[in-house]
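This briefing is for a reader who has not met this structure before. Please look over the sequence and the model, then read the points below.

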Amino acid sequence: MRENLDENAPNFTSNLPVPALKLLDCSLRVSVIPLSIATIWLTVTNKQDNISYGKLEFSNFMGLKYMVCISTISAAYAFLATMASWIRCLVTKAWLFFVSDQIVAYLMLTSGAAVMEMLSLAYNGDRTVSWSEACSSYGRFCSRMKVALVLHALALCSFIVLAVISAYRVFSMFEPPAVSHKEVDEERT
(Lines give C-alpha, C1' and ligand atoms only; values in the text may rest on other atoms or scores of the structure.)
Protein backbone atom coordinates (compact mmCIF):
# COMPACT_ATOMS: atom_id res chain seq x y z
CA MET A 1 0.00 0.00 0.00
CA ARG A 2 1.05 3.54 -0.36
CA GLU A 3 3.04 5.01 2.45
CA ASN A 4 1.02 8.16 2.96
CA LEU A 5 -2.60 7.64 1.99
CA ASP A 6 -3.59 11.21 2.78
CA GLU A 7 -1.21 12.64 0.19
CA ASN A 8 -1.63 10.11 -2.61
CA ALA A 9 -5.25 9.01 -2.39
CA PRO A 10 -8.07 11.07 -3.77
CA ASN A 11 -9.51 13.27 -1.07
CA PHE A 12 -13.27 12.75 -1.07
CA THR A 13 -13.92 14.43 2.28
CA SER A 14 -12.18 17.78 2.02
CA ASN A 15 -13.99 21.07 2.46
CA LEU A 16 -12.76 22.25 -0.94
CA PRO A 17 -15.12 22.24 -3.92
CA VAL A 18 -16.67 18.83 -4.56
CA PRO A 19 -14.39 16.72 -6.79
CA ALA A 20 -15.84 15.89 -10.20
CA LEU A 21 -15.68 12.15 -9.54
CA LYS A 22 -17.69 12.47 -6.34
CA LEU A 23 -20.23 14.67 -8.11
CA LEU A 24 -20.57 12.13 -10.93
CA ASP A 25 -20.88 9.31 -8.39
CA CYS A 26 -23.57 11.12 -6.44
CA SER A 27 -25.46 12.14 -9.59
CA LEU A 28 -25.50 8.59 -10.91
CA ARG A 29 -26.70 7.21 -7.58
CA VAL A 30 -29.47 9.82 -7.40
CA SER A 31 -30.50 9.11 -11.02
CA VAL A 32 -30.93 5.41 -10.26
CA ILE A 33 -33.68 6.14 -7.72
CA PRO A 34 -36.33 7.59 -10.09
CA LEU A 35 -35.37 5.13 -12.84
CA SER A 36 -35.91 2.21 -10.50
CA ILE A 37 -39.12 3.64 -9.07
CA ALA A 38 -40.48 4.20 -12.59
CA THR A 39 -39.54 0.63 -13.52
CA ILE A 40 -41.35 -0.69 -10.45
CA TRP A 41 -44.43 1.44 -11.09
CA LEU A 42 -44.67 0.50 -14.79
CA THR A 43 -44.26 -3.18 -13.98
CA VAL A 44 -46.59 -3.42 -10.98
CA THR A 45 -49.41 -1.43 -12.59
CA ASN A 46 -49.14 -3.30 -15.88
CA LYS A 47 -52.17 -5.46 -16.67
CA GLN A 48 -54.29 -6.15 -19.67
CA ASP A 49 -57.47 -8.13 -20.21
CA ASN A 50 -58.14 -10.04 -23.41
CA ILE A 51 -61.55 -11.51 -24.22
CA SER A 52 -60.02 -14.60 -25.86
CA TYR A 53 -57.16 -15.36 -23.47
CA GLY A 54 -58.03 -13.71 -20.15
CA LYS A 55 -56.32 -11.25 -17.83
CA LEU A 56 -52.56 -10.80 -17.81
CA GLU A 57 -50.70 -9.01 -15.02
CA PHE A 58 -47.15 -8.77 -13.73
CA SER A 59 -47.76 -11.21 -10.86
CA ASN A 60 -48.21 -14.00 -13.44
CA PHE A 61 -44.51 -13.86 -14.30
CA MET A 62 -41.65 -14.75 -12.00
CA GLY A 63 -39.19 -12.73 -14.14
CA LEU A 64 -41.21 -9.55 -13.62
CA LYS A 65 -41.47 -10.17 -9.89
CA TYR A 66 -37.69 -10.64 -9.82
CA MET A 67 -37.14 -7.36 -11.70
CA VAL A 68 -39.43 -5.50 -9.27
CA CYS A 69 -37.54 -6.98 -6.31
CA ILE A 70 -34.12 -6.08 -7.75
CA SER A 71 -35.32 -2.59 -8.73
CA THR A 72 -36.51 -2.07 -5.16
CA ILE A 73 -33.15 -3.22 -3.80
CA SER A 74 -31.23 -1.01 -6.24
CA ALA A 75 -33.32 2.09 -5.43
CA ALA A 76 -32.94 1.54 -1.69
CA TYR A 77 -29.21 0.88 -2.02
CA ALA A 78 -28.72 3.95 -4.25
CA PHE A 79 -30.50 6.12 -1.68
CA LEU A 80 -28.49 4.72 1.25
CA ALA A 81 -25.20 4.89 -0.67
CA THR A 82 -25.89 8.51 -1.64
CA MET A 83 -26.46 9.41 1.99
CA ALA A 84 -23.44 7.38 3.11
CA SER A 85 -21.16 8.98 0.52
CA TRP A 86 -21.49 12.28 2.38
CA ILE A 87 -20.73 10.78 5.80
CA ARG A 88 -17.00 11.14 6.41
CA CYS A 89 -16.43 7.86 8.28
CA LEU A 90 -18.15 5.78 5.57
CA VAL A 91 -16.48 7.49 2.62
CA THR A 92 -13.19 5.91 3.62
CA LYS A 93 -14.74 2.44 3.24
CA ALA A 94 -14.04 2.19 -0.50
CA TRP A 95 -14.22 -1.61 -0.43
CA LEU A 96 -17.78 -1.45 0.91
CA PHE A 97 -18.94 0.64 -2.05
CA PHE A 98 -16.90 -1.45 -4.49
CA VAL A 99 -18.39 -4.78 -3.44
CA SER A 100 -21.93 -3.41 -3.06
CA ASP A 101 -21.88 -1.68 -6.45
CA GLN A 102 -20.65 -4.88 -8.09
CA ILE A 103 -23.37 -6.99 -6.46
CA VAL A 104 -26.19 -4.59 -7.38
CA ALA A 105 -24.92 -4.26 -10.97
CA TYR A 106 -24.85 -8.04 -11.41
CA LEU A 107 -28.30 -8.46 -9.86
CA MET A 108 -29.69 -5.80 -12.19
CA LEU A 109 -28.04 -7.49 -15.15
CA THR A 110 -29.62 -10.85 -14.30
CA SER A 111 -33.10 -9.40 -13.78
CA GLY A 112 -32.88 -7.41 -17.01
CA ALA A 113 -31.77 -10.51 -18.90
CA ALA A 114 -34.71 -12.49 -17.51
CA VAL A 115 -37.22 -9.86 -18.63
CA MET A 116 -35.49 -9.47 -21.99
CA GLU A 117 -35.83 -13.20 -22.64
CA MET A 118 -39.47 -13.08 -21.57
CA LEU A 119 -40.18 -10.16 -23.91
CA SER A 120 -38.38 -11.91 -26.75
CA LEU A 121 -40.63 -14.93 -26.32
CA ALA A 122 -43.71 -12.71 -26.02
CA TYR A 123 -42.88 -10.89 -29.27
CA ASN A 124 -41.52 -13.80 -31.31
CA GLY A 125 -42.77 -16.97 -29.67
CA ASP A 126 -40.90 -20.24 -30.00
CA ARG A 127 -42.26 -22.48 -32.74
CA THR A 128 -40.04 -25.43 -31.78
CA VAL A 129 -41.98 -25.85 -28.52
CA SER A 130 -45.31 -24.60 -29.95
CA TRP A 131 -45.33 -21.22 -28.16
CA SER A 132 -47.04 -18.57 -30.18
CA GLU A 133 -46.22 -14.91 -29.78
CA ALA A 134 -48.44 -13.08 -27.30
CA CYS A 135 -47.85 -9.40 -28.02
CA SER A 136 -50.41 -9.30 -30.81
CA SER A 137 -53.05 -10.14 -28.17
CA TYR A 138 -51.47 -8.17 -25.32
CA GLY A 139 -49.87 -5.22 -27.14
CA ARG A 140 -50.26 -2.65 -24.35
CA PHE A 141 -48.79 -5.03 -21.77
CA CYS A 142 -45.77 -5.74 -23.99
CA SER A 143 -45.22 -2.05 -24.79
CA ARG A 144 -45.19 -1.09 -21.13
CA MET A 145 -42.79 -3.94 -20.35
CA LYS A 146 -40.49 -2.68 -23.09
CA VAL A 147 -40.45 0.79 -21.54
CA ALA A 148 -39.84 -0.70 -18.08
CA LEU A 149 -36.94 -2.73 -19.49
CA VAL A 150 -35.39 0.38 -21.07
CA LEU A 151 -35.62 2.25 -17.75
CA HIS A 152 -34.11 -0.76 -15.97
CA ALA A 153 -31.29 -0.83 -18.55
CA LEU A 154 -30.56 2.87 -17.94
CA ALA A 155 -30.34 2.21 -14.20
CA LEU A 156 -28.05 -0.74 -14.95
CA CYS A 157 -25.78 1.48 -17.07
CA SER A 158 -25.56 3.89 -14.14
CA PHE A 159 -24.52 1.06 -11.85
CA ILE A 160 -21.93 -0.19 -14.31
CA VAL A 161 -20.32 3.28 -14.32
CA LEU A 162 -20.61 3.37 -10.52
CA ALA A 163 -18.87 0.00 -10.31
CA VAL A 164 -16.01 1.35 -12.44
CA ILE A 165 -15.75 4.48 -10.28
CA SER A 166 -15.71 2.48 -7.06
CA ALA A 167 -13.12 0.09 -8.53
CA TYR A 168 -10.96 3.09 -9.41
CA ARG A 169 -11.26 4.40 -5.87
CA VAL A 170 -10.29 1.07 -4.33
CA PHE A 171 -7.40 0.23 -6.62
CA SER A 172 -5.98 3.75 -6.76
CA MET A 173 -5.01 3.33 -3.10
CA PHE A 174 -2.35 0.79 -4.10
CA GLU A 175 0.95 1.17 -5.89
CA PRO A 176 1.43 -0.77 -9.13
CA PRO A 177 3.58 -3.88 -8.68
CA ALA A 178 7.29 -3.19 -8.73
CA VAL A 179 9.21 -4.63 -11.65
CA SER A 180 12.96 -5.01 -11.42
CA HIS A 181 15.21 -3.83 -14.23
CA LYS A 182 16.35 -7.41 -14.71
CA GLU A 183 12.79 -8.57 -15.50
CA VAL A 184 12.29 -5.72 -17.95
CA ASP A 185 15.57 -6.55 -19.74
CA GLU A 186 14.55 -10.23 -19.97
CA GLU A 187 11.17 -9.33 -21.50
CA ARG A 188 12.81 -7.18 -24.19
CA THR A 189 15.06 -10.02 -25.35
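The notes below cover the overall make-up, the nonpolar cores, the aromatic pairs and a nonpolar surface patch. The model is predicted. The protein has 7 helices and 2 strands, and buried residues make up 39% of its 189 residues.

**Overall make-up**

- From the N terminus on, the order of elements is α-α-β-β-α-α-α-α-α.
- The accessible surface of the protein is about 11600 Å², and carbon and sulfur atoms account for 66% of that area.
- Of the contacts between residues at least 6 apart in sequence, 76% join residues at least 24 apart.

**Nonpolar cores**

- The largest nonpolar core holds 34 residues. L64, Y77, M108, V115, F141, M145 and F159 have the most contacts inside this core.
- Two or more residues come from each of α2 (20–44), α3 (62–84), α5 and α6 (139–171).
- Helix α6 gives the most to this core, with 10 residues.
- Another core, of 5 residues, lies apart from the largest one and includes A94, F98, A167 and V170.
- Y77, one of the residues with the most contacts inside the largest core, touches R29, F97, S100, D101, V104 and F159, leaving aside residues up to four places away in sequence.

**Aromatic pairs**

- The whole structure contains 5 aromatic pairs.
- One of the pairs is formed by W95 and F171, which meet edge-to-face. Their centres are 5.9 Å apart, with 80 degrees between the planes.
- Because W95 lies in helix α5 and F171 in helix α6, this pair ties together parts that are 76 residues apart in sequence.
- W95 and F171 also belong to one aromatic cluster with F98. F98 is among the residues of the 5-residue core.

**Nonpolar surface patch**

- W95, V99, I103 and F171 make a nonpolar patch of about 390 Å² on the surface.
- Helix α5 (residues 94–124) gives the most to the patch, with 3 residues. V99 has its place in this helix.
- Are the side chains of this patch buried or exposed, or something in between? V99 counts as partly exposed because its relative accessibility is 40%.
- W95 is likewise partly exposed, with a relative accessible area of 41%.
- F171 has 47% relative accessibility and so counts as partly exposed.
- W95 and F171 therefore appear in two of the topics here: they form an edge-to-face pair, tie together parts of α5 and α6, and help to make the surface patch.

How values were computed
Residues numbered from 1 in each chain as written. Predicted model: local features only at pLDDT ≥ 70, side-chain atom pairs only at ≥ 80, totals over all residues. Heavy atoms only, no water. Patch = residues over 30% accessible without salt bridge, like charges linked within 9 Å, V, L, I, M, F, W, Y side chains within 5 Å. Areas by Shrake-Rupley, 256 points an atom, 1.4 Å probe, with all protein chains shown as cover. Salt bridge = Lys/Arg side-chain N within 4 Å of Asp/Glu carboxyl O. Helix = DSSP H or I, 4+ residues; strand = E, 2+ residues; numbered from the N terminus. Buried < 20%, exposed > 50% of the residue type's maximum accessible area, 1.4 Å probe, protein only. Core = buried A, V, L, I, M, F, W, Y, C linked by side-chain atoms within 4.5 Å. Contact = heavy atoms within 4.5 Å. Phe/Tyr/Trp six-rings, centres within 6.5 Å; stacked < 30°, edge-to-face > 60°.
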